[in-house]
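Biologist: Can you put the model up and walk me through it? I would like to start with the sheet.
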Amino acid sequence: MRQMTPTEVLNGLGSIEFEVVDVREVSEVAEGKIPGAIHIPLGLLEFRMNELDKNKTYVMVCRSGGRSSRASQFLEYYGYNVINMQGGMMAWTGPTE
């Protein structure tokens with residue numbers, strides 16, 4: 001599984017290289033998420049993965065990196081191009097919305 005640091009994600013925000021998918025729960029996202037991130041809770045990912053484009057790259061994010069790692073492995077199995085953000089939002093120092 002490919003990984004990126006929060007700094008690498010921050011430097012790539014707004015580019016066409018990737019989109020961010022936040023797999024945390026609604027209550028966690030309410031505290032702030034990476035600007036422009038798509039919110040799909042991990043428990044709903046298998047039902048909503050058709051909203052993602054297999055031709056795009058997605059950076060998966062959660063609180064500390066565990067759930068996003070599982071989400072990355074799940075999506076990779078189905079042919080999606082994904083990268084896990086190491087350390088999750090606990091390591092994020094960039095802006096939130």
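Modeller: One term before the sheet: a residue is called buried when its relative accessible area is under 20%. By that cut-off, β5 is mostly covered, with four of its five residues buried. Keep in mind that this is a predicted model.

Biologist: How confident is the prediction, and where is confidence lowest and highest?

Modeller: Mean pLDDT for the protein is 96, and 100% of the residues reach 70 or more. Helix α1, residues 6-12, has the lowest confidence at a mean of 93, and strand β3, residues 38-39, has the highest at 98.

Biologist: OK. What is the strand order in the sheet?

Modeller: The order is β1-β5-β4-β2-β3, an open sheet of five strands with parallel pairing.

Biologist: Which are the edge strands?

Modeller: β1, residues 2-4, and β3 are the edge strands, and each of them pairs on one side only. β1 pairs with β5 in the parallel sense over three bridges. Within that pairing, glutamine 3 has asparagine 84 of β5 as its bridge partner. At the other edge, β3 and strand β2, residues 19-22, pair in the parallel sense over two bridges. There, aspartate 22 is bridged to histidine 39 in β3.

Biologist: And how many bridges does β4 make with β5, and with β2?

Modeller: Four bridges link β4 to β5, in the parallel sense. Four bridges also link β2 to β4, again parallel. Methionine 60 is a useful residue to click on: its bridge partner in β5 is asparagine 84, and methionine 60 is itself the partner in β4 of valine 21. Tyrosine 58 has valine 82 as its bridge partner in β5.

Biologist: How many residues of β4 are buried?

Modeller: Five of its five. Thr57, Val59 and Val61 lie on one side, Tyr58 and Met60 on the other, and all are buried, which leaves both faces of β4 covered. The split fits a general pattern: in a regular strand the side chains alternate between the two faces of the sheet.

Biologist: Which helix packs on the sheet there?

Modeller: Helix α4 packs on the sheet, where it touches β1, β4 and β5, residues 81-85. The direction of α4 makes about 170° with that of β5.

Biologist: Changing topic. Which residues have the most contacts inside the largest nonpolar core?

Modeller: Val21, Leu52, Met60 and Leu75, in a core of 13 residues. β4, residues 57-61, and α4, residues 66-77, each supply at least two residues of this core. A second, separate core has twelve residues, including Met4, Val59, Val61 and Met85.

Biologist: What does leucine 75 touch?

Modeller: Not counting residues up to four places away in sequence, leucine 75 touches Leu45, Met49, Leu52, Met60, Tyr80 and Val82. As a general matter, nonpolar side chains in soluble globular proteins tend to be buried together.

Biologist: Now some polar ones. Is serine 69 buried or exposed?

Modeller: Serine 69 counts as buried, because its relative accessibility is 18%. Serine 69 is in helix α4. Leaving aside neighbours within four places in sequence, serine 69 is in contact with Met1 and Asn84.

Biologist: And glutamate 28, buried or exposed?

Modeller: Glutamate 28 is at 17% relative accessibility, so it counts as buried too. Glutamate 28 is found in helix α2, residues 26-29. The side chain of glutamate 28 reaches the backbone nitrogen of glutamate 25 at 2.8 Å. Outside its neighbours up to four places away in sequence, glutamate 28 touches Arg63 and Arg67.

Biologist: Last one: where is lysine 56?

Modeller: In the loop between α3, residues 45-48, and β4. Lysine 56 has a relative accessible area of 38%, so it is partly exposed.

Biologist: What does the side chain of lysine 56 make a polar contact with?

Modeller: With the side chain of glutamate 19, at 2.8 Å. Setting aside neighbours within four places in sequence, lysine 56 is in contact with Glu19 and Asn81. Lysine 56 is also 40 residues from isoleucine 16 in sequence, and the two are 8.9 Å apart in space, C-alpha to C-alpha.

Key:
Residues are numbered from 1 along each chain as its sequence is written. This is a predicted model: local features need pLDDT of at least 70, side-chain atom pairs count only at pLDDT 80 or more; totals for chains, interfaces and linings use all residues. Side-chain values use heavy atoms; hydrogens and water are left out. pLDDT is the predictor's confidence in each residue, from 0 to 100. Buried means under 20% relative accessible area, exposed over 50%, partly exposed in between (1.4 Å probe, protein chains only). A polar contact is a pair of N or O atoms within 3.5 Å; within protein, one must be able to donate a hydrogen and the other to accept it, and residues adjacent in sequence count only if both atoms are side-chain atoms. Contact means heavy atoms within 4.5 Å. A nonpolar core is a set of buried Ala, Val, Leu, Ile, Met, Phe, Trp, Tyr and Cys residues joined through side-chain atoms within 4.5 Å. Two strands pair if DSSP finds at least two bridges between them. Axes are lines fitted to C-alpha atoms, for helices over the stretch in contact, and angles run from 0 to 180 degrees between N-to-C directions.
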